[in-house]
Amino acid sequence: MTHSPKPVLAVGKYAALLAYLSFALFPLYWLLKIAVTPDQLIYTEGTNLWPSEFTFDNFRSVVFQTDFLSYFGNSLYVSLGTAAVTTLVAAGAGYAFSRFNFAGKRLLIAVMLITQMFPLLMIIAPIYKIIAGLGMLNSLTSLIVVYTAFNVPFATFLMQSFFDGIPKDLEEAAMMDGCSRFQALYKVIFPLTLPGLGATLGFVFTAAWSELLFALMLISKNEAMTFPVGLLTFVSKFSVDWGQMMAAGVLALVPSCLFFIFIQRYLVQGLTSGAVKG
Amino acid sequence: MEGKAVISRKQNNVMPGETRARRSLYWQYMVEPFLYLSPAIVLIGLVMMIPLVIGISYSFQSIELLNPFNTGWVGFENYIDLWADRKFWIALENTFWWTFWSIAFQFSLGLGLALLLNTDFFGKKLFQALVFLPWAVPTFLSALTWAWLFNPVIGPLPHWLTALGILSEPYNIMGDPDLAMWGPIVANIWFGVPFFAITLLAALQSIPGELYEAAEIDGASAWQSFTKITLPFLAPMIAITVMLRTIWIANFADLIFVMTGGGPANSTQILSSYVFTTAFRKLDFGYASAIAVALLAILLVYAVFVLWLRKKLVKI
């Protein structure tokens, strides 16, 4: 397969590679292009591949003249909080799934799989009612709790696959030497599973960073808005400053890209072990 | 069965003395795992399972936040309304086409990409990182970007499509009820190809290379190796991924909500976006829950059908 002797095939292959690459990158390029195009040129040069002038004004005004910095901060807080709590909870659950046989294990796994299948929007009304009843609307903490619950099943399966990759003998040896199971977990297994924890953090962060519909439902106050909600409110206002919006979009892309670079190596493991959620 | 065997062996080796052993067995089987599991169980129970039950009960009630006096149990009234609701049937049909075309393109393009990534070429690592990038782009951002690209005044796509002769003039396809669905579908394809490529690539890499060598020695063509080795090996992975993705995409309302809001004239409204707009805009929780229960039932029927089909086709 690797040494294709026919030049036609080779050309075809590189053409296909190029086609995939441009399909994947073109929208992102366009986002960036609009963000650096001066406002007065957006309509006249809308379809040009390359703007005739560059500007960073859009970024400057987004950062200094709008509330985007606060949206950004809120999103960062919610996503990091969700990622940290989810990873901790999922590490525990994944460890239990990987190392123990216990009553109700199959039932629990089945329930976790079901949570990945049913329409999440189904619980948007009950969740709204419950959170409103608790007086927790417009609270970022309630978002963290909700997102954590949504992400725990997937993260648990991911963590389980990482724990499955670590030989049982290691902690059994440590327990023979007098460690309790928890000490063995903490001293022997934990350092080995750091890459797994990192990957889980990355996956959950990416998911929480882009969640929109529950945030729209639960947050209505401007100062508690996360980035997606803030950006959409921006769109629905009467006159839209497209350049600024795209600049904000580019800024929203930065954390996702950073985490993406970080979790890239684990994509295969992540998406196939969970295989349930994107 | 296996678990019991393991536990009883432990009991003999590690813990001599019957009472301690029994306590240890009890501890290992009933208590210790739940120390690690309890946070997850509590969270999933409180935030997902209980609201799920409440949600189903909502579908038998009238709960309109804008009309608080009209609250109470109504039996099957929401479902009777649903049966007579033309928007529901349109949304059902749209859900089918949305899911079908999204999956068809995501799968075939994803398979192509996986096959390419399974060969060697210059700059493969960088290429892989770049083509997988759309997966990491936040959904609302993909939606906004694609809406922009399809915009007839400032977006390039309508002009290019006109130049290619596909459109008669550069107009907004998302304003045309016959074509509007293709806007979100294209965005969804863009977003979903990496997922299929990644899972299929993992399956491809698990096919033993000797099979291809043997086939080559026997004089098989590349096409024959593909249909006789690659596809049969991939089949189980394909079946499970397609089934799970179908359910996931049918539930996936974000792109449509941001790009078209279900319009024009409900031509892009799918069931899940209909659930969301009913809950979010009309604050009619009872009716929204009834639509959601209907969607859940349809997906359940689909899942049972696929599992039955798999049992029939794949004999192990």
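Is E32(B) buried or exposed? Keep that in mind while you look around; the tour gets to it at the last stop. One thing before you start clicking: this is a predicted model.

**Stop 1: two helices in chain A**

Select residues 68–99 of chain A, which form helix α3, and then residues 194–210 of chain A, helix α9. Their axes lie 8 Å apart, and the helices pack at an angle of about 140°. Angles over 145 degrees would count as roughly antiparallel, so α3(A) and α9(A) are oblique to each other. Turn the view until one helix sits in front of the other: the crossing is right-handed.

Now show the side chains where they touch. On the α3(A) side, pick out residues including F72(A), L76(A), L80(A), A83(A), T87(A) and A91(A). On the α9(A) side, try L197(A), L201(A), V204(A), F205(A) and W209(A), among others. Colour the contact by residue class and you'll get 12 nonpolar residues, six polar ones and no charged ones.

**Stop 2: from helix α3 to helix α7**

For charges, go to R99(A), which is in helix α3 of chain A, and select E171(A) along with it. These two form a salt bridge, with their closest N and O atoms 2.8 Å apart. E171(A) belongs to helix α7, residues 168–176 of chain A, and the two partners are 72 residues apart, so this pair links distant parts of the chain. Both E171(A) and R99(A) are buried.

**Stop 3: on to helix α8**

Leave E171(A) selected and add R181(A). Here is another salt bridge, at 3.7 Å from N to O. R181(A) sits in helix α8 (residues 181–192) of chain A, 10 residues from E171(A). How accessible are the two? R181(A) has a relative accessible area of 11%, and E171(A) has a relative accessibility of 2%. Buried means under 20%, so R181(A) counts as buried, and so does E171(A).

**Stop 4: across to chain B**

Keep R181(A) on screen and bring up E32(B). Their side chains meet in a salt bridge too, at 3.3 Å from N to O. This pair crosses between chains, running from helix α8 of chain A to helix α2 (residues 18–58) of chain B. And the opening question? E32(B) is at 9% relative accessibility, so it counts as buried.

Finally, select R99(A), E171(A), R181(A) and E32(B) together: salt bridges with shared partners join them into one network. Over all chains, a search of the whole structure finds four salt bridges.

How values were computed: Residues numbered from 1 in each chain as written. Chains lettered and ligands numbered in written order. Predicted model: local features only at pLDDT ≥ 70, side-chain atom pairs only at ≥ 80, totals over all residues. Heavy atoms only, no water. Axes fitted to C-alpha atoms, helices over the stretch in contact; angles between N-to-C directions. Helix = DSSP H or I, 4+ residues; strand = E, 2+ residues; numbered from the N terminus. Parallel < 35°, antiparallel > 145°, perpendicular 65-115°, else oblique. Left-handed = near helix turned anticlockwise from the far one by under 90°. Contact = heavy atoms within 4.5 Å. Nonpolar A, V, L, I, M, F, W, Y, C, P; charged D, E, K, R; others polar. Buried < 20%, exposed > 50% of the residue type's maximum accessible area, 1.4 Å probe, protein only.
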